[in-house]
Amino acid sequence: MKIFENADLLSHNSLRFQSNVDELVVVEDYEDLAAAFDCADPVHILGEGTNSVLMPHVRGRVVEMAIRGIRVIHDSNQGVLVHVAASENWHEVVRYTLGQGIHGLENLSLIPGSVGAAPYQNIGAYGVELHEVLESVQVYDRNQGDIKRLNNTDCQFGYRDSIFRRDSENRYVILNITLRLGRHKLRTGYKDLERSLKGVSDSSLTPVQVSEAVIRLRRRKLPSLKRFPNVGSVFKNPVISRQHAMDLNREIGVPMYSTPTGTKVSAAYLIDCSGWKGKQISGILIWPRQPLVFVNQSSKATGIEFLQVANQVREDIYSKFQVPLEMEPVVLGDVN
């Protein structure tokens with residue numbers, strides 16, 4: 001275990017905001033977990049910071065998991081079990097499995113961040129969500145001080161949601177996940193993906209081709225993290241009543257999709273209709289090709305400015321359409 005006092009977190013967040021924390025603790029062995037989380041001050045868990053908005057100061061301790069590893073542990077007609085450590089990069093895992101001839105993650109290609117963040121927010125893209133291929137998650141239970149395994153049901157997955165996200169005390173520290181892959185047919189029903197693969201017959205379509213199509217779509221719509229610091233989607237697509245969604249569809253043509261809990265509408269469409277796309281406030285740019293993405297355009301911009309812009313957009317959307325928007329990234333640090 002390594003401990004760094006008054007640590008700079010610039011390289012630990014994809015928005016590239018200047019931020020420092022009282023202590024940064026790097027965990028390199030499971031035996032260090034108890035000591036890493038034995039702290040009277042607040043303790044936060046941070047992976048690659050691709051879904052985190054950091055304030056200028058983070059009080060307490062940030063724990064970074066630095067344990068890696070990926071391996072196939074079982075292969076049968078029930079699927080291929082793949083065990084992956086939380087510190088691995090998600091897209092590299094997708095590439096690894098496809099390289100091994102194992103399909104199942106192709107629709108989730110090029111999603112930024114570490115593996116530990118995947119179950120936290122139940123990542124999803126192009127018609128597939130992580131919960132569909134996740135077998136179990138091994139966690140460190142901070143309340144009980146031991147390591148345990150949670151199955152898929154235990155994780156209580158929802159749309160961009162899980163037991164890990166709802167647990168405000170960060171009770172569970174994600175250590176590794178087990179995926180069950182190779183069971184499902186290729187999924188190309190998502191409209192943009194279907195259009196991108198037009199002309200390729202189902203009989204000749206391969207998982208690699210699906211992955212390559214997803215990568216092309218993401219690169220066309222979304223800014224490169226290296227050139228344009230961002231955290232991906234700032235807001236979740238809201239789920240509202242069917243009647244409300246139908247009224248908005250008649251009024252402005254908002255896309256809507258039925259879900260078990262209500263009707264989901266496009267947050268990006270609502271933001272676009274309100275004239276926010278392409279606007280820049282202080283150092284924060286609302287991306288012209290995808291208004292759910294806010295880009296840090298200035299070396300002096302801060303997480304506080306980011307939240308101010310997000311709140312302006314959220315208040316405007318509610319004022320015009322009576323639709324509440326919920327932020328997707330997590331805020332770390334002192335807001336005031």
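## Aromatic pairs

Two rings of Phe, Tyr or Trp count as a pair if their centres lie within 6.5 Å, and planes over 60 degrees apart make the pair edge-to-face. This is a predicted model, and by that rule it holds seven aromatic pairs. One of them joins Tyr126 and Tyr190: the ring centres are 5.2 Å apart and the planes meet at 75 degrees, an edge-to-face arrangement. These partners come from distant parts of the chain, 64 residues apart. Tyr126 belongs to the loop between strands E8 (124–125) and E9 (128–129), while Tyr190 belongs to the loop between E12 and helix H5 (191–196). Are the two tyrosines buried or exposed? Tyr126 is buried at 12% relative accessibility, whereas Tyr190 is partly exposed at 41%.

Phe235 and Phe294 make another pair, with centres 6.2 Å apart; because their planes stand at 80 degrees, this pair is edge-to-face too. Phe235 sits in the loop between H6 and strand E13 (239–240) and Phe294 in strand E18 (294–296), so the pair ties together parts 59 residues apart in sequence. Both Phe235 and Phe294 are buried. Together with Phe17 and Phe306, they form one aromatic cluster.

## The nonpolar cores

Now for the inside of the model. The largest nonpolar core has 40 residues, and among the members touching the most others are Trp90, Leu130, Phe164 and Ile177. Several elements each supply at least two residues, including strand E7 (79–85), helix H2 (90–99) and helix H6 (207–221). Which element gives the largest share? That is E12, with five residues.

Trp90 is a good place to start looking around. Beyond its sequence neighbours up to four places away, Trp90 touches Leu105, Leu108, Ile111, Gly113, Ser114, Val115, Ala118, Ile123, Leu130 and Ile177. A second, separate core of 32 residues includes Ile271, Phe294, Leu307 and Leu325. Phe294 is thus a name to remember, as a member of the second core and of the aromatic cluster.

## A buried asparagine

Asn13 lies in the loop between strands E1 (2–8) and E2 (20–27). Why does Asn13 count as buried? Its relative accessible area is 2%, and buried means under 20%. A polar atom of the Asn13 side chain lies 2.8 Å from the backbone oxygen of Leu9. Leaving out residues up to four places away in sequence, Asn13 touches Glu48, Gly49 and Leu54.

## Lysines over rings

Two lysines are worth finding as well. The charged end of Lys264 sits over the ring of Tyr159, 3.8 Å from the ring centre. Lys279 lies over the face of Trp276, at 4.9 Å from the centre of that ring.

Definitions and conventions
Residues numbered from 1 in each chain as written. Predicted model: local features only at pLDDT ≥ 70, side-chain atom pairs only at ≥ 80, totals over all residues. Heavy atoms only, no water. Core = buried A, V, L, I, M, F, W, Y, C linked by side-chain atoms within 4.5 Å. Buried < 20%, exposed > 50% of the residue type's maximum accessible area, 1.4 Å probe, protein only. Helix = DSSP H or I, 4+ residues; strand = E, 2+ residues; numbered from the N terminus. Contact = heavy atoms within 4.5 Å. Polar contact = N/O pair within 3.5 Å; in protein donor to acceptor, adjacent residues only side chain to side chain. Phe/Tyr/Trp six-rings, centres within 6.5 Å; stacked < 30°, edge-to-face > 60°. Lys NZ or Arg CZ within 6 Å of the ring centre and 35° of its normal.
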